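This report covers selected strands, helix packings and local backbone features of one protein chain. The sequence and the structure come first, and the description follows.

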Amino acid sequence: MDQGVIYFPSKPSIIASGVVGGPLEKKSVFAADFDLLLDDERAEEKSNEKGHKQMALQACQIALEKANIKERDVDFLMSGDLVNQMTPSNFLASTLGIPYFGLYSACATSISGAIVAALLTELGASKYALAGAASQHNSIERQFRYPVEYGGQKPGTAQWTVTAAGYALIAKGQMNSPVIEAATVGKSIDLQQNDPFHMGAAMAPAACDTITRHLKGRGQSLSDYDLIITGDLAKVGLPILQECLIKEGMAQQDVMKIRDAGAEFYGDDQKFLAGASGAGCSASVFFSTILKGLNEKKYERVLAVATGALLSPLTVQQNESIPCTAHAIEISMK
């Protein structure tokens, strides 16, 4: 195994997924591919955090219904979120009653979960595993930046936390389903950026490191993929990533084809500043539109790279730097 690169000879399959978005996410360019769009930000619950959990539960249930699988048939649940001690995921796990790994990779959590699920499947320890993540705008904004009620002015580099959940059901290799061929586990990269309103710049070097290591470990180039998509560097971080990859010697025409879920999520709507973020951003895009593209043979091979800023309310208050990571999975349709 090359450093951080994992190979899956048994080709674990993504056999189903469930994606739920909030009311504002109806404006997303990806909304048509979501399974459910809510009319209420709190999913008819009494608090933002309870709505967060309910949205994740709905996404999991949708994935299970598509595959005609019951909760009792699922061996493991991999889930995480951005609320203190991953409270919504903890309540999700207690509701589903599935053996549970609580994972925190910030906005990269959905892909770290998919990697763990694929490993368990590869080892023969899991027949079915659910992996994903969710975010709810109000619960996350008041934790990492300002409470929504505060009405603070945000700079153009800031990103908007999406209200969305995306979960995938991963099983032993099955025909006619996208398979996870390989993955690269991200390092913690800290270039001393400490502005929580400028996370795209902080996360871009981590994405560059992961993509570079994955390609080297696999003996590949960017042109071996129909699509390389990150999430969520947004409109500020994506150009920084592209510049970093060009400095690594990658062809400019290939680098400029890289897409970012956060940059595209809300289109050109200026209300959302630099674009989208949140653990539910890349999870909802990867497990809806990108999987759809694979299933419909639009893509044969995709590299999905989720980025995460590993900050906390405590480190923000102490003006600490923001370590970042990026996890990647290579998905193909064979």
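## Strand β9 and its neighbours

Strand β9 (residues 179-184) is largely enclosed by the rest of the structure, because six of its six residues are buried. The coordinates come from a predicted model, and every description below should be read in that light.

Two pairings of β9 can be described. Strand β1 (residues 5-7) runs antiparallel to β9 and is joined to it by three bridges. Within that pairing, I6 stands opposite A183 of β9. Strand β14 (residues 324-332) also pairs with β9 in the antiparallel sense, over five bridges. Here I180 has I331 of β14 as its bridge partner.

## Strand β4 and its neighbours

Strand β4 (residues 76-80) has five of its five residues buried, so this strand too is largely enclosed by the rest of the structure. In a regular strand, side chains point alternately to the two faces of the sheet. For β4 both faces are covered: on one side F76, M78 and G80 are buried, and on the other side L77 and S79 are buried.

The pairings of β4 with β6 and β5 are parallel. Five bridges link β4 to strand β6 (residues 128-135) in the parallel sense, and L77 is placed opposite L130 of β6. Three bridges link β4 to strand β5 (residues 100-102), again in the parallel sense, with M78 opposite F101 of β5.

## Packing of α1 against α2

A pair of packed helices is described by the angle between the two axes and by the distance between them. For helix α1 (residues 48-67) and helix α2 (residues 87-96), the angle is about 50° and the axes are 9 Å apart. Since angles from 35 to 65 degrees fall outside the parallel and perpendicular classes, α1 and α2 are therefore oblique to each other. The crossing of α1 past α2 is right-handed.

On the α1 side, the contact is made by E49, H52, K53, A56, L57 and C60. On the α2 side, P88, F91, L92, T95 and L96 take part. By residue class, this contact between α1 and α2 comprises seven nonpolar, two polar and two charged residues.

## Packing of α5 against α6

Helix α5 (residues 199-218) and helix α6 (234-247) form another packed pair. Their axes come within 8 Å and cross at roughly 40°. That angle makes α5 oblique to α6. The crossing of α5 and α6 is right-handed.

In α5, the residues of the contact are G200, A201, A204, A207, C208, I211 and T212. They meet G237, I240, L241, C244 and L245 of α6. The contact of α5 with α6 divides into nine nonpolar and three polar residues, with no charged residue.

## Local features around α6

Strand β10 (227-231) and α6 are joined by a loop in which D232 is found. The peptide bond leading from G231 to D232 is cis, with omega near 5°.

A234 is found in helix α6. Although A234 is not a glycine, its phi is positive, at about 65°. A234 has a relative accessible area of 0%, so this residue is buried.

P239 also has its place in helix α6. With a relative accessible area of 42%, P239 is partly exposed, whereas A234 is buried. The C-alpha atoms of P239 and N176 are separated by 35 Å, and the two residues are 63 residues apart along the chain.

## A positive phi before α1

The loop between β3 (36-37) and α1 holds A43. Which sign does the phi of A43 have, positive or negative? The value is positive, near 55°, in a residue other than glycine.

Is A43 buried or exposed? The relative accessibility of A43 is 9%, and because buried means under 20% relative accessible area, A43 counts as buried.

Terms used
Residues numbered from 1 in each chain as written. Predicted model: local features only at pLDDT ≥ 70, side-chain atom pairs only at ≥ 80, totals over all residues. Heavy atoms only, no water. Axes fitted to C-alpha atoms, helices over the stretch in contact; angles between N-to-C directions. Helix = DSSP H or I, 4+ residues; strand = E, 2+ residues; numbered from the N terminus. Parallel < 35°, antiparallel > 145°, perpendicular 65-115°, else oblique. Left-handed = near helix turned anticlockwise from the far one by under 90°. Contact = heavy atoms within 4.5 Å. Nonpolar A, V, L, I, M, F, W, Y, C, P; charged D, E, K, R; others polar. Buried < 20%, exposed > 50% of the residue type's maximum accessible area, 1.4 Å probe, protein only. Pairing = 2+ DSSP bridges.
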